[in-house]
Structure formats: C-alpha cells, structure tokens
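Me: I'd like to learn how to read a ligand site. Could you walk me through one?

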Amino acid sequence: MSDLLARRLADGFAQGFGGAPSGVVRAPGRVNLIGDHTDYNDGLVLPIAIARETRVAWRATGTRQLRVIALDAGREQDAFAIGPEPSRIGGWRDYVRGTVDAAYRRGLPLAGAELAIAGDIPQGSGLSSSASLEIALLHALAAAAGARNPASVELALAAQDAENAFVGTRCGIMDQLVIAAAQPDTALLIDCRSLDSVATRLPPDWAVLIVQSGVTRGLVEGAYNLRRAQCEEAAAALGIKALRDAREPDLDRLEPLLRKRAQHVVTENARVVEARDALLGGDLAALGSAMGRSHASLRDDFEVSHPQVDRLVALLQSVIGSEGGARMTGGGFGGAVVAVFARNRADAIRAQLTESWENEGMGALGSFLTDAMGGAGSL
Ligand code: GLA
C-alpha cells in the first residue's frame, strides 16, 4: 500500500510542480478503542494510530506563497499567501487554509512551499482523515521552515483550532493528539484535561480489525456540535467545569435528555480505565465487556449510533464470542466499527463475518486489520 502511495506522491509532485520534493512527511489515521464523546468533556480516551495515512511531499520556495495539489481530489490545486485569515472556499481547501490560518495565529513555524498531498485513509469512515491531513500539513510546513521535531501537543492544538475556528466542527483533541503523538504497538491513554498521555502496550497476540459499516458519515457536524452543547448545558446545570467532574448520583438533578448524555460520559470515562487495565492484564474478555457496554451507551444514552452499525456490531460480537469485543468508534452516525480479538482467530472471524453479513443481504463488507502505528513525522 505505502509503495503505491509513495509513487503516486512522487509522480503527482513532479507533474504539479516539476522536479522532486525536498522531503515527505506522514500522519496516520486513528481508530478509538474506547472513550467516545469524552474528549470535549475533559475526559479519557484510548485510541491507536492506524496503518493508513496521509502523506505530504514538500519543497520550500523562499516566499510566503503556498501552492497545494490534492492528488486524491482530482489533482485540484489551491494557492494562497501565508497571513491572516485566508478566505473559506469549501471542500478540502478549507482544511488546508484552516490549518495554515491556525498555525499562523498560534505562531508556529511556517514557510512558503509547494505541497502535494495523497493518502489511503478511507474518507467519511470516522477514521480521522481530516485530522491526519491537518497534522501532516503542520509537519510539512514546519519542515519547510527548517523547524525540527515540533512538539506534538502544539501541533494537535493547532489542528483542533483549525477544525473549531475555520471548518466549524467543535471537535475535541483526541484525533489530532493521537495522530501526532502515538507510539508503535501501543494505545494512547489521553487525559483530555491535562493533555498528558500514557502509551499502553497492546498485547502482541491481539488483533485490531476495522470494519466499514457501509454508512458514510455525511454532514454530521450539526449533530456532533449539538451533543457537545448538551454536555456543556449538563455541566453548567450541575455547577461543574466539565462532565469529567460529575458523579453518577448527581445526575438525577438533570432533566431526562441531559441526564442520558451525562450518564454516557460518566460511565464511558470509567470504562476507559477498565479497558486500560484489560490491556495491561492481557484480559480480552474484560476488554470485550467494556467495549460492549460502551457501544450500548453510545447507542442508547448518547444516541450517536446508526441501525446498520448496531447490526454490524451485534454480528461481530456474536462471531467473536466473549474473548474480545466490538463497538462503534469515533463521532458516530455511521462510519467504521472497531473489533479486538486474538490474532490467531483473525482469518476465521473475518470469513464468518463476511458470510453472515452477505447472508443477511447487506452487500459487500470492507475490513482491514491494523497494527498500532507510530505518530506523525518525516519519512
Ligand atoms: C470525533 C471528534 C473527536 C471525538 C470523537 C468522539 O472524532 O473529532 O474529537 O469527540 O468524535 O469521541
């Protein structure tokens, strides 16, 4: 996969700008093992970086101009100057413009450059192709400006700022931070209040499977931002800074809808700790149990799942049995599902899953196994 990507990027750069780039950076996508809709409540998350990525080939030009070519968007181009607020024009360009704008406002190193972008993260699947693009761009711009080893947390905050201020999604920090800071073979336990993170080893005999539900996440910013607003309303009603600080007995003071939202956040934070302990203890049954309860909570209390996703998760869980688990992952409203089980069962589980899904008349199923990869950086 990555050889193909390297060739496509080199050819695309040569056709767009002539010659060869000075360097190439990469940023992975991510899948969250557990802890969804907790990050913007100052809570806990446990994602991994996946073996699909965005790459940016860069060459500094010694000017303040940026020229960008998106090889996966019909080789469309964009050109603008580094400076305050480049205008919004929609589509992929706003992710680039928003990232440059955030980096500019936050004083991160920036230099004029020619940039070619290509990647293999499925889009609209909830695997963070946009956060991956933002972090890859920030690495490319830092490299073009001659900055070495930019701090992961600074890059993640700038990328989140681009989403919040420019694109209009009020996302938390999970995606950008794990993409910037992940370490190979580990999941990253992130405390989204302090932004401290602890790399937690994934037992080497476990497999992580990503399955596409077939429901593409469309324009879901509105529903996502509404969930966030409800969480903020619940925290305000309880007189606390964020739902991270809520205790289950206090939730009875909330009106029913806000109570359900808060209930999810409080119990999900506890499940992240359970899952971390399961990783440390190599306990697949305990992880599976936490994943199952997480899915039910996202479906019933937070109401961000989708019937087709629920069906896929139920099917996966019945194929896996008690030694492992499956759940929706990320923002929800469709997209991919994540499953964890013993590596030596991967072929059998995938075959049985595909057969059952097709027997139910649900069409072809896309899935891939992934290792836990390292975070973004130069190649
Ligand atoms: C999206 C957001 C993240 C996080 C998840 C849900 O991926 O970008 O910040 O809120 O949804 O856990």
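Me: Where does the ligand sit?

Reply: A pocket is an open set of points on a 1 Å grid over the protein atoms alone, where a 1.4 Å probe fits, with protein on both sides within 12 Å along at least five of seven lines. A molecule sits in one if more than half of its atoms lie within 2 Å of its grid points. Here the ligand takes the space of the largest pocket. This is a predicted model: local features need pLDDT of at least 70, side-chain atom pairs count only at pLDDT 80 or more, and totals for chains, interfaces and linings use all residues. Residues are numbered from 1 along each chain as its sequence is written, and side-chain values use heavy atoms, leaving out hydrogens and water.

Me: Which residues surround the ligand?

Reply: Being near means having a heavy atom within 4 Å. Among the surrounding residues are Arg 30, Asp 36, His 37, Tyr 40, Cys 171 and Tyr 224.

Me: Which polar contacts does the ligand make, say with Asp 175?

Reply: Look for N or O pairs within 3.5 Å. A polar side-chain atom of Asp 175 is 2.7 Å from a ligand oxygen. On the backbone side, a polar atom of Gly 172 lies 2.9 Å from an oxygen of the ligand, and an N or O atom of Gly 331 is 3.3 Å from a ligand oxygen. With accessible areas from the Shrake-Rupley method and a 1.4 Å probe, the ligand alone exposes 310 Å², and the protein buries 92% of that.

Note on methods. A polar contact is a pair of N or O atoms within 3.5 Å; within protein, one must be able to donate a hydrogen and the other to accept it, and residues adjacent in sequence count only if both atoms are side-chain atoms. On a 1 Å grid over the protein atoms alone, a cavity is a set of points where a 1.4 Å probe fits but cannot get out, and a pocket is an open set with protein on both sides within 12 Å along at least five of seven lines; lining residues have an atom within 4 Å of a point.
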